[in-house]
Amino acid sequence: QVQLVESGGGLVQAGGSLRLSCAASGSFSHINVMGWYRQPPGKQREWVALITNSGSTNYVDSVKGRFTISRDVAKNTVYLQMNSLKPEDTAVYYCSATIYRGVTSSNYWGQGTQVTVSS
């Protein structure tokens with residue numbers, strides 16, 4: 001059984017910072033791409049950032065320059081450092097990972113963590 005467990009959400013004022021973490025646990029061979037998504041209130045889930053196992057990163061335009069994704073391969077953990085937060089960043093944030101068990105890969109999701117940015 002593979003699990004992704006997120007932590008680090010909360011309430012912050014506009015302009016503040018939060019750091020999200022997501023740790024993978026269970027039995028697996030290795031992790032390929034890890035990423036973050038978010039679902040604002042009343043809206044669809046959207047992609048935010050991703051990082052490959054070689055460390056390449058990519059971001060949605062709305063967070064470029066404010067958010068930084070990173071990962072600790074040894075700890076099977078991905079992070080999202082969020083700076084200069086805006087009220088429109090309010091959402092439930094989910095981590096996602098493509099995880100291999102042998103030669104078979106599957107996409108896994110965390111349970112989500114709430115981020116609320118007050119104006």
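Reader: Which residue does the side chain of Arg-38 meet in a salt bridge with an N to O distance of 3.0 Å?

Author: In this predicted model, a salt bridge (a side-chain nitrogen of Lys or Arg within 4 Å of a carboxyl oxygen of Asp or Glu) joins the side chains of Arg-38 and Asp-89. The pair links distant parts of the chain, with Arg-38 in strand E4 (residues 30-39) and its partner in the loop between strand E8 (77-82) and strand E9 (91-101), 51 residues away. Strands (E, at least two residues) and helices (H or I, at least four) are DSSP runs numbered from the N terminus. The residue asked for is Asp-89.

Reader: What kind of model is this, and how are its residues numbered?

Author: Residues are numbered from 1 along each chain as its sequence is written, and side-chain values use heavy atoms, with hydrogens and water left out. Local features need pLDDT of at least 70 and side-chain atom pairs count only at pLDDT 80 or more, while totals for chains, interfaces and linings use all residues, as the model is predicted.

Reader: Are Arg-38 and Asp-89 buried or exposed?

Author: Buried means under 20% relative accessible area, exposed over 50%, and partly exposed in between (1.4 Å probe, protein chains only). Arg-38 has a relative accessibility of 4%. By this rule Arg-38 and Asp-89 are both buried.

Reader: Which other residue forms a salt bridge with Arg-38, at 2.6 Å from N to O?

Author: The partner has a relative accessible area of 32% and is therefore partly exposed, whereas Arg-38 is buried. The side chain that meets Arg-38 at 2.6 Å, N to O, belongs to Glu-46.

Reader: Which residues are joined into one network by salt bridges that share partners?

Author: The whole structure holds four salt bridges. One of them joins Asp-61 and Lys-64, whose closest N and O atoms are 3.0 Å apart; Asp-61 is exposed at 62% relative accessible area, and Lys-64 is partly exposed at 46%. The network formed through shared partners consists of Arg-38, Glu-46, Arg-66 and Asp-89.

Reader: Which strands stand at the edges of the open sheet of four strands?

Author: Two strands pair if DSSP finds at least two bridges between them, and the open sheet has the order E1-E3-E8-E7 with antiparallel pairing. Each edge strand has a single partner strand, so one side of it is left without a neighbour in the sheet. The edges are strand E1 (2-7) and strand E7 (67-72).

Reader: Which residue in E8 is the bridge partner of Cys-22?

Author: Strand E3 (residues 18-26) is joined to E1 by six bridges, and E3 also pairs with E8 in the antiparallel sense over six bridges. Five of the six residues of E8 are buried. The E8 partner of Cys-22 is Val-78.

Reader: Which residue is joined to Cys-22 by a disulfide?

Author: A disulfide, here a pair of cysteine sulfur atoms within 2.5 Å, connects Cys-22 with Cys-95 at an S to S distance of 1.9 Å. The two lie 73 residues apart, Cys-22 in strand E3 and its partner in strand E9, and both are buried. The disulfide count comes to one, and the partner of Cys-22 is Cys-95.

Reader: Which strand supplies the largest share of the largest nonpolar core?

Author: A nonpolar core is a set of buried Ala, Val, Leu, Ile, Met, Phe, Trp, Tyr and Cys residues joined through side-chain atoms within 4.5 Å. The largest one has 30 residues, of which Trp-36, Leu-80, Met-82, Tyr-93 and Ile-99 touch the most other members. At least two residues each come from E1, E3, E4, strand E5 (46-51), E7, E8, E9 and strand E11 (113-118). The largest share, five residues, comes from E9.

Reader: Which residues does Ser-106 contact, leaving aside neighbours within four places in sequence?

Author: Ser-106 is found in strand E10 (residues 104-109) and is partly exposed at 33% relative accessibility. Its C-alpha lies 9.9 Å from that of Ile-31, although the two are 75 residues apart in sequence. Contact means heavy atoms within 4.5 Å, and by this rule Ser-106 touches Ala-97, Thr-98 and Ile-99.
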